Amino acid sequence: MVVTAVLLLGAATGGTAAAGAPPEGAPLFWVDPDTAAARQAAEWRAAGRLDDARLIDRIADRPQAVWFSDDGPGAVVRSRLAAAAMAGRTPVFVAYFIPGRDCGSYSSGGARDAAHYRQWIDDFASGLGTSPAYVIVEPDAVAHMVAGCPGAEAAERHELLAHAVQRLKSRPDTKVYLDAGNAGWITDEQRLVTPLRSAGIAEADGFALNVSNFRTDEESAKYGHRLADALGGGKHFVIDSSRNGNGPYEGTEGEAWCNPPGRALGTPPTADTGDPAIDAYLWIKRPGESDGTCRGGPKAGQWWPEYALGLAERAREGGAVAEPGVVAGTAPVAGTDPAPVAGTGGTVGQAGRQT
């Protein structure tokens, strides 16, 4: 694996340089070279579908989060972290294993009970080591309790989330963001304050917004500033911009959050946000992976090439990729990495239910 990683890294750094320079001390995020998008682009290129392959490259060549939603995460975390560290990049991970996950909807599952979850998080944290990493903690878990989640007990869930934050933050160079839903879900941000405090937000670096959703950067930023103020100020946040290039779906057919038509890739991942409270725009949801079996989609987290192609085709100025490393109509984006780099790849889960 190490030999393969070195060869891949050499090919990457020898071909295309990183796009722009991030702010001093800001991370460059890791590009997993073995995503479903990368495999799809290679397949279509081999089949002569060159235009479609180039469009899918707009997804494959971007840093995206690795989701963990199965038992035994530590070894996989360790291998991904090693690949990213070899490339001099920072990986983004998602811990997604809370008991009663997704309240029994499309992404249901998770740990059997509280003891199982604590053991799982301890194993996850053991894999982090001392290299830099971002970890998004449990998409939907807090907001679902506020909105209503039959079968889940709030005090236990908040205690488990606080345990997760504490254990992950015990690693010396890990930044931890507790998920806080999105601007269109719990619209009164004051309702999130007490649950987030109970779930350990004080020990986290901040919170994550818009995971697997479509609210615009502008709307998410305004919401994030209000929520940070409500929490007492000082907390930073990250925004999932993976599919928000056209904003949220406004149609009346079906659930607006689940594989909505007409969406587009959003702002490429970067730590150069221009806002001191926003630590990064990230592609936490992997574009092209289904939200669930709605609108003809496959199971949550499975690759859906037709949907991916649509996201890439509709990429546009102000919220999408024209060429790897470049936002349409702008200079290269600092903090991005346009070239595939060393790693072993793979996603391990996906997508939460959100309004």
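In this predicted model, the largest nonpolar core brings together 57 residues, and those with the most contacts inside it are Phe 93, Tyr 117, Phe 124, Leu 196 and Phe 207. Helix H5, spanning residues 114-126, gives the most to this core, contributing six residues. Leu 196 is a good place to look at the packing: leaving aside residues up to four places away in sequence, Leu 196 touches Val 142, Leu 178, Asp 179, Ala 180, Ile 201, Leu 227 and Leu 231. Apart from the largest core lies another one, of 21 residues, which includes Ala 38, Ala 53, Leu 309 and Leu 311.

Turning to the sheet, seven strands are arranged in the order E1-E2-E3-E4-E5-E6-E7, forming an open sheet with parallel pairing. Strand E1 (66-68) and E7 stand at the edges with a single partner strand each, so one side of each has no neighbour in the sheet. On average, neighbouring strands are turned by 25 degrees against each other, direction ignored. Within the sheet, strand E3 (residues 133-137) and E4 run parallel and are joined by five bridges; here Ile 136 stands opposite Tyr 177 in E4. Helix H7, made up of residues 154-169, lies across E3 and E4 and runs at about 165 degrees to E4.

Charged side chains add a further set of links, with 14 salt bridges in the structure. One of them joins Asp 279 to Lys 175, with 3.4 Å between the closest N and O atoms. This pair connects distant parts of the chain, 104 residues apart: Asp 279 belongs to strand E7 (residues 278-282) and Lys 175 to strand E4 (residues 174-179). The two partners can be set side by side by their accessibility. Asp 279 counts as buried because its relative accessibility is 12%, under the 20% limit, whereas Lys 175, at 27%, counts as partly exposed.

Asp 291 takes part in a network of salt bridges that also links Arg 243 and Lys 285. The side chains of Asp 291 and Arg 243 meet at 3.0 Å, N to O. Asp 291 lies in the loop between E7 and helix H10 (305-313), and Arg 243 in the loop between strand E6 (236-240) and E7, so this salt bridge ties together parts that are 48 residues apart in sequence. Asp 291 and Arg 243 are both buried. The side chain of Asp 291 also meets that of Lys 285 in a salt bridge, at 3.3 Å from N to O, and Lys 285 is likewise buried.

How values were computed: Residues are numbered from 1 along each chain as its sequence is written. This is a predicted model: local features need pLDDT of at least 70, side-chain atom pairs count only at pLDDT 80 or more; totals for chains, interfaces and linings use all residues. Side-chain values use heavy atoms; hydrogens and water are left out. A salt bridge is a side-chain nitrogen of Lys or Arg within 4 Å of a carboxyl oxygen of Asp or Glu. Helices (H or I, at least four residues) and strands (E, at least two) are DSSP runs, numbered from the N terminus. Buried means under 20% relative accessible area, exposed over 50%, partly exposed in between (1.4 Å probe, protein chains only). A nonpolar core is a set of buried Ala, Val, Leu, Ile, Met, Phe, Trp, Tyr and Cys residues joined through side-chain atoms within 4.5 Å. Contact means heavy atoms within 4.5 Å. Two strands pair if DSSP finds at least two bridges between them. Axes are lines fitted to C-alpha atoms, for helices over the stretch in contact, and angles run from 0 to 180 degrees between N-to-C directions.
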